[in-house]
Amino acid sequence: MDTQLKIGIIGLGRIGQVHLAALKTIKNVEVVALSDISLDHVTKTAEEYQVPHFYTDYHNILRRLDIDAVWICSPTSQHFTQVMEALGSNKYVFCEKPLDADRDKIQTIIDSYPDINHRLMVGFNRRFDPDFANAKAKLKKIGKSVIIKITSRDPFPPSAEYSRQSGGIYNDMSIHDLDMARFISESEAEQIIAIGSRNFTEDTDTTLITIKFKNGIICNIDNSRKASYGYDQRLEILGDQGMISVENKKISHTRFYFENAVESSVLEPFFLERYKDSYIEEAKAFVTSIKEKKEFPSTAEDALKAALLANACARSLEQQKLIFL
């Protein structure tokens with residue numbers, strides 16, 4: 001690899017567009033090829049972002065010897081196959097979460113490459129959110145952490161088609177928060193329980209998850225596929241010497257005070273706006289890890305452990321009981 005990292009992107013749906021926009025902001029990175037099953041879509045995207053090569057068959061990206069790294073943003077059901085093919089083509093790989101809903105497939109990836117942590121990064125972008133990262137960096141200021149509370153609520157439910165391909169709320173939505181719980185607690189779970197209901201879709205779309213970690217921290221996660229007031233993303237960490245709170249981001253921080261009311265701005269509409277900076281920082285971390293020959297900061301092992309927690313949530317909901325890990 002020369003001083004400029006050359007990248008190909010597979011999948012140009014909503015999340016693929018987010019990653020493409022983030023990569024285009026980074027110095028010493030060149031997106032040289034795009035792939036999507038829709039010829040019209042990949043053509044228009046390549047024109048918009050001035051990417052010279054585009055295909056409907058992603059294998060054309062894997063065959064290119066000038067491409068150093070591949071960004072996999074396709075539907076979850078395609079991740080395992082495309083990751084294995086990209087690794088087999090001697091590319092560095094970034095794959096959006098989840099790596100796969102099947103933990104055995106994730107283990108296969110890990111077992112196939114002893115140096116996997118230097119070759120594959122998994123997209124848990126919230127680790128790179130400036131506010132969440134700052135909270136993690138300042139944990140010692142509040143002494144011993146005892147409780148973590150994570151709220152993540154989408155502004156509107158997904159389409160039925162998206163739900164069918166997503167792997168369910170725990171593998172699609174909650175998995176971000178399960179990874180964040182591991183990231184903040186710096187421990188592994190020993191007990192987990194989940195309850196859920198169907199309020200807006202044909203699948204579980206509202207859930208509460210409680211986790212006890214081996215170091216004694218208790219974490220509560222609440223997820224909803226619908227919050228009519230906007231994209232609700234909050235983190236709270238209670239310690240024996242204080243508390244850290246990360247509040248929602250709003251479109252405007254201006255407040256208006258009246259005799260009988262206070263008015264403030266609505267929340268950021270969705271993850272595209274709320275986590276814009278995190279995707280840029282995540283991409284920078286990928287590039288830096290390659291150039292400095294370091295392990296990636298979110299690995300296949302992290303993906304496996306998050307998947308184990310997601311599967312445990314699903315089992316807890318189905319069996320209506322506490323799951324011991």
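Two strands are said to pair if DSSP finds at least two bridges between them, and the legends below use the word in that sense for a model that is predicted.

**Figure 1. The whole protein, with its eleven helices and 15 strands.** The radius of gyration of the protein is 20 Å, close to the 20 Å that the globule rule gives for 325 residues, so the protein is as compact as a globular protein of that length. Taken along the principal axes, the box filled by the C-alpha atoms is roughly 60 × 50 × 45 Å. Of the 325 residues, 52% count as buried, and among contacts between residues at least 6 apart in sequence, 69% join residues at least 24 apart.

**Figure 2. The open sheet of six strands, with parallel pairing.** The strands follow the order S3-S2-S1-S4-S5-S6, and strand S3 (53-55) and strand S6 (120-123) stand at the edges, where each has a single partner strand, so that one side of each is left without a neighbour in the sheet. On average, and with direction ignored, neighbouring strands of this sheet are turned by 20 degrees against each other. At the S3 edge, strand S2 (residues 29-35) is joined to S3 by three bridges in the parallel sense, and Leu34 stands opposite Phe54 in S3.

**Figure 3. The open sheet of seven strands, with mixed pairing.** Here the order is S12-S11-S7-S10-S9-S8-S15, with strand S12 (242-246) and strand S15 (323-324) at the edges; each has a single partner strand, so one side of each lacks a neighbour in the sheet. S8 and S15 run antiparallel and are joined by two bridges, and the bridge partner of Gln191 in S15 is Phe324. Helix H11 (residues 300-319) packs on the sheet, where it touches S8, S9 and S15, and its direction makes about 55 degrees with that of S8. Helix H8 lies across strand S7 (145-153), S8, S9, S10 and S11, and runs at about 30 degrees to S9.

**Figure 4. Strand S9 (residues 206-213), with its covered and uncovered faces.** In a regular strand the side chains alternate between the two faces of the sheet. In S9 the covered face holds Thr207, Ile209, Ile211 and Phe213, whereas the uncovered face holds Thr206, Leu208, Thr210 and Lys212. Towards strand S8 (residues 189-197), S9 is joined by eight bridges in an antiparallel arrangement, and Ser197 has Thr206 in S9 as its bridge partner. Towards strand S10 (residues 218-224), S9 pairs over seven bridges, again in the antiparallel sense, and Ile209 stands opposite Ile221 in S10. S9 and S10 form a hairpin with four residues between them, and Gly216 in the turn has a positive phi of about 100 degrees.

**Figure 5. The largest nonpolar core, which has 67 residues.** In soluble globular proteins, nonpolar side chains tend to be buried together. The residues with the most contacts inside this core are Ile9, Ile211 and Phe286, and helix H8 (residues 169-185) gives the most to the core, with eight residues. Residues up to four places away in sequence not being counted, Ile211 touches Leu178, Ala181, Ala189, Gln191, Ile192, Ile217, Ile218, Cys219 and Ile221. Apart from the largest core lies another, of 31 residues, among them Tyr55, Tyr58, Val93 and Leu99.

**Figure 6. Gly230, in the loop between S10 and strand S11 (232-239).** Gly230 is buried, with a relative accessible area of 9%. The C-alpha atoms of Gly230 and Pro155 are separated by 4.8 Å, although these residues are 75 residues apart along the chain. Leaving aside residues up to four places away in sequence, Gly230 touches Arg153, Asp154, Pro155, Leu267 and Glu268.

**Figure 7. Cys73 and Cys313, two buried cysteines.** A disulfide is counted here when two cysteine sulfur atoms lie within 2.5 Å, and by this rule the count comes to zero disulfides. The closest cysteine sulfur to that of Cys73 is in Cys95, at 8.1 Å, which is too far for a bond; Cys73 is buried, with a relative accessible area of 5%. For Cys313, the closest cysteine sulfur is in Cys219, at 10 Å, again too far for a bond, and Cys313 counts as buried at 0% relative accessibility.

Definitions and conventions: Residues are numbered from 1 along each chain as its sequence is written. This is a predicted model: local features need pLDDT of at least 70, side-chain atom pairs count only at pLDDT 80 or more; totals for chains, interfaces and linings use all residues. Side-chain values use heavy atoms; hydrogens and water are left out. Buried means under 20% relative accessible area, exposed over 50%, partly exposed in between (1.4 Å probe, protein chains only). Contact means heavy atoms within 4.5 Å. A nonpolar core is a set of buried Ala, Val, Leu, Ile, Met, Phe, Trp, Tyr and Cys residues joined through side-chain atoms within 4.5 Å. Axes are lines fitted to C-alpha atoms, for helices over the stretch in contact, and angles run from 0 to 180 degrees between N-to-C directions. The radius of gyration is taken over C-alpha atoms; the globule rule is 2.2 Å times the number of residues to the power 0.38.
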